[in-house]
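Dear colleague,

Please find the structure below, handed over for your examination. My notes on one helix and on the internal cavities come after it.

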Amino acid sequence: MVPADNATLIAAHLSGDVRAFDQLFRRYSSRLHNFIYRIIGDRERAEDLVQEAFLRVHRHLHRFDQSRQFSTWIYTIASNLAKNELRNRGRTPLFFYQSSGLEYEDSPALQIEDPANRPEDLYRRRCIAVAVTESVAHLSERHREVFVLRELEGKSYEEIATITGCNLGTVKSRLNRARQSFAIDIRPMLERTAS
């Protein structure tokens with residue numbers, strides 16, 4: 001069975017099909033969790049914010065402009081919740097690592113382990129994954145947001161502009177600075193990993 005597209009699921013939900021919203025939740029919840037976690041650095045709080053994002057979607061879905069992309073809309077909601085969380089904290093986010101290793105679902109930057117590789121290859125790749133995560137954590141909030149959306153979530157410049165509420169030139173400028181800072185920050189970590 002071919003999964004329904006977002007527009008079909010939204011229409012079904014608005015006509016009373018409760019399963020349609022569950023499908024939207026399953027489709028986006030882990031991606032939103034990873035996105036929010038990368039911004040705020042707290043897994044449990046990210047889970048709470050994903051729930052809050054879906055509550056807002058549920059509450060306002062009848063007002064959603066279906067000529068727009070649903071994914072952009074829900075990422076905008078998630079982005080705003082993450083920004084508010086950081087503002088409310090009044091401090092730089094802390095990034096936590098599980099002792100068993102980093103485990104991000106649907107995470108392009110961290111889906112680098114292949115069981116067919118040798119143990120030393122797996123170890124090196126895990127070190128690179130940690131270096132990427134730490135370097136992203138060192139970016140300023142506004143640079144981290146555009147970097148995560150583009151490089152880790154694969155969003156287009158136009159989608160990022162909509163999600164962040166910035167114009168296209170600002171998005172490109174911030175992304176350029178984020179990439180430069182990321183490259184400078186990660187270089188020594190990768191050199192340590194290589195040796």
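The notes below begin with the basis of the model and then turn to the helix and the cavities.

This is a predicted model, in which local features need pLDDT of at least 70 and side-chain atom pairs count only at pLDDT 80 or more, while totals for chains, interfaces and linings use all residues. Residues are numbered from 1 along each chain as its sequence is written, and side-chain values use heavy atoms, with hydrogens and water left out.

Helix H3 covers residues 43–60 (helices are DSSP runs of H or I, at least four residues, numbered from the N terminus). Its end C-alpha atoms lie 26 Å apart, which agrees with the 26 Å expected for 18 residues at 1.5 Å a residue (1.5 Å times one less than the number of residues). The buried residues of H3 are Arg43, Ala46, Leu49, Val50, Ala53, Phe54 and Val57 (buried: under 20% relative accessible area, 1.4 Å probe, protein chains only). They cover an arc of only 140° around the axis, which places them on the same side of H3 (the arc is taken from directions from the helix axis to the C-beta atoms). At the start of H3, a side-chain oxygen of Asp42 comes within 3.1 Å of the backbone nitrogen of Glu44.

The second largest cavity (points on a 1 Å grid over the protein atoms alone where a 1.4 Å probe fits but cannot get out; lining residues have an atom within 4 Å of a point) is lined by Phe35, Ile39, Ser79, Ala82, Lys83, Leu86, Glu141 and Glu145. H4 gives the largest share of this lining, 4 residues.

With kind regards

Note on methods: Helices (H or I, at least four residues) and strands (E, at least two) are DSSP runs, numbered from the N terminus. Buried means under 20% relative accessible area, exposed over 50%, partly exposed in between (1.4 Å probe, protein chains only). A polar contact is a pair of N or O atoms within 3.5 Å; within protein, one must be able to donate a hydrogen and the other to accept it, and residues adjacent in sequence count only if both atoms are side-chain atoms. On a 1 Å grid over the protein atoms alone, a cavity is a set of points where a 1.4 Å probe fits but cannot get out, and a pocket is an open set with protein on both sides within 12 Å along at least five of seven lines; lining residues have an atom within 4 Å of a point.
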